[in-house]
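Thanks for coming. I will keep this short and go through one structure, strand by strand. Please have it open while I talk.

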Amino acid sequence: MPKPVNEYRRRRTLPSLALLLLLSAAAIPGWPVDTLEISEQNNGRSLYAAAMPLGSRFGTRIIHSVQLTPVIDIYRVQQGEIWGWREAIRSHNAGLPSQTPEKGRFYHSGDWMIIEGAGYSWPRIFYRVGSEALGRNQIIIPNKRGDLVDLWRGHSGKRLIIESGKFPLYRLSVRNFLQ
């Protein structure tokens, strides 16, 4: 007597499903994801690494050394590049922008002057961290302690590399020291 169709399907489906789950579990750790990584330039030690979905944002914040006013830069991570998205300043001159970029806009919002969408991108940014007296550099990133990290407290005088790229997923689970 022939076996019922449902029993035949069940006997084929369960092993196929188990094999699919096993292969997926083996492949996921090596799966390439868009990431943001921050490391020290002199020794390569990774301080932060996180998956960044398309269009994710992070920022930097400093106190300008000459004007003594805050400068906030917002970046977007997209396709392995870091795109300069917005810069907010309270004064200009002394190296701060004062004109509308070719591909963007310049406008005022309260006390802030905002430059948006200039269209600049880089695979990595070399970022020098100042001290409490000079710069008070902070980074705005998604982490467990809140969004704002005082870089000048633990990394004063160091040069950091902020880069975007595609890295295997397993690399992210072992490299988050700023969190």
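Phenylalanine 58 stands opposite tyrosine 75, which belongs to β4. That pair is part of the match between β3 and β4, two strands that run antiparallel and are joined by eight bridges. What you are looking at is a predicted model, so please keep that in mind throughout.

Between β3 and β4 there is a hairpin with six residues separating the strands, and in that hairpin leucine 68 takes a positive phi near 55 degrees.

Now go on to the next pairing. β4 is also joined to β5, residues 81-89, by eight bridges, and this pairing too is antiparallel. To find your place there, take valine 77, whose bridge partner in β5 is isoleucine 82. The hairpin of β4 and β5 has two residues between the strands. Which residue in this hairpin takes a positive phi? It is glutamine 79, with phi near 55 degrees. Glutamine 79 is a residue other than glycine, and its phi is positive all the same. Glutamine 79 sits in the loop between β4 and β5. Is glutamine 79 buried or exposed? Its relative accessibility is 66%, and the cut-off for exposed is over 50%, so glutamine 79 counts as exposed.

There is another residue of this kind further along. Arginine 136 has phi near 45 degrees, again a positive value in a residue other than glycine. Arginine 136 is found in the loop between β9 and β10, the latter covering 138-140. With a relative accessible area of 39%, arginine 136 is partly exposed.

Next, the open sheet. Four strands form it, in the order β2-β1-β12-β9, with antiparallel pairing. Which strands stand at the edges? They are β2, residues 46-51, and β9; each has a single partner strand, so one side of each is left without a neighbour in the sheet. From one strand to the next, the twist averages 20 degrees. As a reminder, strands of a sheet pair through backbone hydrogen bonds, either parallel or antiparallel.

Start at the β2 edge. β1, residues 32-40, is joined to β2 by five bridges, and the two run antiparallel. Isoleucine 38 stands opposite tyrosine 48 in β2, and serine 39 stands opposite serine 46 in β2. β1 and β2 form a hairpin with five residues between them, and glycine 44 in the turn has a positive phi of about 75 degrees. Although β2 is an edge strand, β2 is mostly covered, with five of its six residues buried.

In β1 I would also point to aspartate 34. Its relative accessibility is 17%, and the cut-off for buried is under 20%, so aspartate 34 counts as buried. What is aspartate 34 in contact with, leaving aside its neighbours within four places in sequence? The answer is Ala50, Ala51, Met52, Gly80, Gly165 and Lys166.

Now to β12, residues 159-168, where we find isoleucine 161. Isoleucine 161 has a relative accessibility of 14%, and therefore counts as buried. Setting aside neighbours within four places in sequence, its contacts are Glu37, Ile38, Ser39, Gln41, Arg124, Ile125 and Phe126. Take isoleucine 125 from that list. Isoleucine 161 and isoleucine 125 are 36 residues apart in sequence, yet their C-alpha atoms are 5.8 Å apart in space.

Then there is a pocket, the second largest, with a volume of about 200 Å³. How many residues line the second largest pocket? There are 13, and those that lie nearest its centre are Ile62, Tyr127, Arg128, Val129 and Asn137. β3 (56-63), β4 (70-78) and β9 (124-128) each supply at least two residues of this lining. By class, the lining has six nonpolar, three polar and four charged residues.

Last, the whole chain. It has three helices and twelve strands. Of its 179 residues, 36% count as buried. Among contacts with a separation of 6 or more, 57% are between residues 24 or more positions apart. The pair of isoleucine 161 and isoleucine 125, 36 residues apart in sequence, is one to look at if you want an example on screen.

That is the tour.

Technical notes: Residues numbered from 1 in each chain as written. Predicted model: local features only at pLDDT ≥ 70, side-chain atom pairs only at ≥ 80, totals over all residues. Heavy atoms only, no water. 1 Å grid on protein atoms, 1.4 Å probe; cavity = no way out; pocket = protein on both sides within 12 Å on 5 of 7 lines; lining within 4 Å. Points joined across faces, edges and corners; volume = space filled by probe spheres on them. Nonpolar A, V, L, I, M, F, W, Y, C, P; charged D, E, K, R; others polar. Pairing = 2+ DSSP bridges. Axes fitted to C-alpha atoms, helices over the stretch in contact; angles between N-to-C directions. Buried < 20%, exposed > 50% of the residue type's maximum accessible area, 1.4 Å probe, protein only. Contact = heavy atoms within 4.5 Å.
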